[in-house]
Amino acid sequence: MTLTVVGSLNVDVVVRVPALPRPGETLLGTSVARLAGGKGANQAAALAALGVQVALVGAVGDDADGALCLASLDGVDVSGVRRVAAPTGLALIEVDDAGENTIVVVPGANALAEAPAVVGDLLVQLEVPLDVVTLSVERATGLVVLNAAPAVALPVSLLARVDVLVVNEGEAALLPAEPPVRRGVVTTLGARGAVVAAADGSHTEVRAPVVRAVDTVGAGDAFVGALVAALLDGHDLVEATRHGCAAGALAVTRPGARSAPTRDELASALG
Ligand code: ADP
């Protein structure tokens, strides 16, 4: 069965800087690159690299950036990506010498994304409008994974229809004390790995492999892609989180947002 990803497609303008600027500060960047990104597109690409049959539903502008986004999605069914009368989404990303980053996203065409009419297994993030997220989740008949990024307070009625919720520490701070999700909440902790809070009340920490980070952009997307691929393969939530941590660690050793591993690379990292 095809996994549907409902989410964003952006062009990332990535500037390397010696250190992230403080408010009011101007500094010189060392390089700039325009790369295809967006959480929806990155996670769909991560899943395709792992051999999952995946279709992306979203929207891009009828412009060169939109063409760049679509051309970057080898192995992903993009027939559900509409070309609309708004500029393609744009992310301004600064990455410092320690691999730390700041990101500003301008949604553009992503604000005009629409929910698919029919959905089986679903992966969705929050870079498309919340009503599109809600409708997609309501229509899904299979596994529902919500990566609640960027951070937004979410209605309990939406959380109750989600099997697995994936958040980072900042996003976790906006969740209710006990989010009513069906299987569990996975919170990513950067270099420390992730923690699984299962619906049965158990908490399990999963350590991230120790690596030398060069660029943490894309770590979360690689994590989510590998976690969802493992869930679709029938692994339990803790084992799927182990796959996510291995993929996230591989991603931070490589530049750019499309840094997720292939199935073979992930298999050898998992040992
Ligand atoms: P986000 O980028 O969405 O904020 P995190 O920073 O928590 O997410 O990273 C997602 C996952 O990527 C982590 O759970 C971890 O598995 C992996 N990861 C991130 N940074 C590192 C790092 N420095 N070393 C090893 N793994 C990392």
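This report describes a four-stranded sheet and a pair of packed helices in a predicted model.

## The sheet

In this predicted model, four strands come together as an open sheet, and reading across the sheet gives the order β3-β2-β6-β7, with mixed pairing. The strands at the edges are β3, which covers residues 31-37, and β7, which covers residues 101-106; each has a single partner strand, so one side of each is left without a neighbour in the sheet. On average, and with direction ignored, neighbouring strands here are turned by 20° against each other.

One of the pairings can be followed in detail, namely that of β2, made of residues 10-16, with β3, where the two strands run in the antiparallel sense and are joined over seven bridges. Within this pairing, Asp12 has Leu35 of β3 as its bridge partner. Helix α2, residues 64-71, packs on the sheet and touches β2, β3 and β6, the last of these being residues 89-95, while the direction of α2 makes about 65° with that of β3.

## The helix pair

Helix α1, formed by residues 39-49, packs with helix α6, formed by residues 219-232, at an angle of about 50°, and their axes lie 8 Å apart. Because of this angle, α1 counts as oblique to α6. The crossing in which α1 passes α6 is right-handed.

On the α1 side, the contact is made by Lys39, Asn42, Gln43, Ala46 and Leu47, which meet Asp221, Ala222, Val224, Gly225, Val228 and Ala229 in α6. Sorted by character, the residues of this contact between α1 and α6 comprise six nonpolar, three polar and two charged ones.

Conventions
Residues numbered from 1 in each chain as written. Predicted model: local features only at pLDDT ≥ 70, side-chain atom pairs only at ≥ 80, totals over all residues. Heavy atoms only, no water. Pairing = 2+ DSSP bridges. Axes fitted to C-alpha atoms, helices over the stretch in contact; angles between N-to-C directions. Contact = heavy atoms within 4.5 Å. Parallel < 35°, antiparallel > 145°, perpendicular 65-115°, else oblique. Left-handed = near helix turned anticlockwise from the far one by under 90°. Nonpolar A, V, L, I, M, F, W, Y, C, P; charged D, E, K, R; others polar.
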